[in-house]
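Visitor: I'd like a close look at one part of this protein. Could you pick a helix and walk me through what surrounds it?

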Amino acid sequence: MIIHPGFIKTGTTSLQDFLLFVHPRIHAFGHPHGSDVDVRVSRALRRIEGFDDDPQELREALAAALDARPDDRVPVLSDETLTADPHLTASVARRLHDHFPQARILFTIRRQEDMIRSFYGRHGRVLVNVPVPYRDRHVRFAAWLEHAWRNRPAGVLGVADYQRTIDIYRALFGAERISVLLLEQWMADPRAFADRLSTLLGIDAPTTLHLLGNRRTHGQETSRYVLYDRLRKRFPIAGRMAALLPRGVRTLGSGFLTQGGTQRAEFPPGWPEKLGDLYREGNRKLAEQYALPLRDFGYAV
């Protein structure tokens, strides 16, 4: 049994889409939710302990997921949402250990500045889960960072403190069962990354390399689209008027918006140093414990 619990914005979705859920020797379940069983497993693992957790539901969901596995396939539970909420990280890890004490744990990480910037671009720049008058409003990167800083260690700044989460799993499963891969290693040397990943998963490297290649999902939106989206949500009538344009015009407009450079949020002065101070000690421990070349890829160490 192999558990891949994240982290968010570290290539997890690409691994799921292009390898874990399509490799002929892997039986993957978890997230993204491809079935009702995946939904049940993910929700049962992330319920709040002592409030709405249901051990029986979790046992039944995991049993259903594993019963569907062909005998010749490696079972892999892959779900980055399992480490996406620092409030739940420890309880999720304990539940996983209760059911799979001999499992091997695979983490993927990414330089924190890039992970945080990517999270903002995909999830942070537009308000969600807020009262209706504020929904869909755009938030400037600087304001979002200040809010995230005030709310740490919850939120994405807490998630990006990889060493804290990995230590929780290390204490439960043992150091010998923990493996850590860098997204940067995949980008720099796809073949070496595929070789190491295949060894960890117990599958053949040529198929892994063929399936993964240099493919990525969840690319950032273009600067044109972000500007359009901001104006459309600030002035809803403009969006309604655009919907009335002829289809050909809308097609041309859509093509224009999806071309050009991708949006890239730039950190305000002082923030790279601030984040470096926050993560440096944990990164040093990870580099030492797992022989990771973090310094080579620009991590704060």
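Guide: Let's look closely at helix 5, with a few other parts of the protein to set beside it. Keep in mind that this is a predicted model. To get your bearings, the protein has 15 helices and five strands. Of its 301 residues, 44% count as buried. And if you take the contacts between residues at least 6 apart in sequence, 78% of them join residues at least 24 apart.

Now for our helix. Helix 5 covers residues 112-124, and Glu 113 is part of that stretch. Gln 112 belongs to helix 5 too, and so does Arg 117. Let's take these residues in turn.

Start with Gln 112. Is Gln 112 buried or exposed? With a relative accessible area of 4%, Gln 112 is buried. Setting aside neighbours within four places in sequence, Gln 112 is in contact with Ala 160, Tyr 162, Tyr 279, Asn 283 and Tyr 299. Hold on to Tyr 162 in that list, as we'll come back to it.

Next comes Glu 113. Its relative accessibility is 19%, and the cut-off for buried is under 20%, so Glu 113 counts as buried. Which residues does Glu 113 contact, once neighbours within four places in sequence are left aside? They are Phe 267, Pro 272 and Leu 275.

Then there's Arg 117. At 10% relative accessible area, Arg 117 is buried. Not counting residues up to four places away in sequence, Arg 117 touches Phe 141, Arg 264, Ala 265, Glu 266 and Phe 267. Take Phe 141: it sits 24 residues from Arg 117 in sequence, yet the two C-alpha atoms are 8.7 Å apart in space. The side chain of Arg 117 also makes a polar contact, at 3.1 Å, with the side chain of Asp 114. Did you spot Phe 267? What does Phe 267 touch here? Phe 267 is in contact with Glu 113, and Arg 117 touches Phe 267 as well.

Back to Tyr 162, the contact of Gln 112. Ring pairs link Tyr 162 into a cluster with Phe 7, Phe 107, Tyr 169 and Phe 173. The structure holds eleven aromatic pairs. In one of them, the rings of Tyr 169 and Phe 173 have centres 6.0 Å apart and planes at 10°, so this pair is stacked. Tyr 169 and Phe 173 are both buried. They are four residues apart in helix 8 (residues 162-173), which means about one helical turn separates them.

Rings can have charged partners too. The charged end of Lys 274 sits over the ring of Trp 271, 4.3 Å from its centre. Elsewhere, Arg 152 lies over the face of Trp 149, at 3.8 Å from the ring centre.

To finish, set another helix beside ours: helix 3. Its 13 residues, 55-67, should span 18 Å at 1.5 Å a residue, and the end C-alpha atoms are indeed 18 Å apart. In helix 3, Glu 57, Leu 58, Ala 61, Leu 62 and Ala 65 are buried. Looking down the axis, those buried residues fall within an arc of 125°, so they line one face of helix 3. They pack against strand 2 (26-30), helix 2 (36-45) and helix 4 (89-99). At the N-terminal end, Asp 54 caps helix 3, with a side-chain oxygen 3.2 Å from the backbone nitrogen of Gln 56.

Key:
Residues numbered from 1 in each chain as written. Predicted model: local features only at pLDDT ≥ 70, side-chain atom pairs only at ≥ 80, totals over all residues. Heavy atoms only, no water. Helix = DSSP H or I, 4+ residues; strand = E, 2+ residues; numbered from the N terminus. Expected span 1.5 Å × (residues − 1). Buried < 20%, exposed > 50% of the residue type's maximum accessible area, 1.4 Å probe, protein only. Arc of directions from axis to C-beta. Contact = heavy atoms within 4.5 Å. Polar contact = N/O pair within 3.5 Å; in protein donor to acceptor, adjacent residues only side chain to side chain. Phe/Tyr/Trp six-rings, centres within 6.5 Å; stacked < 30°, edge-to-face > 60°. Lys NZ or Arg CZ within 6 Å of the ring centre and 35° of its normal.
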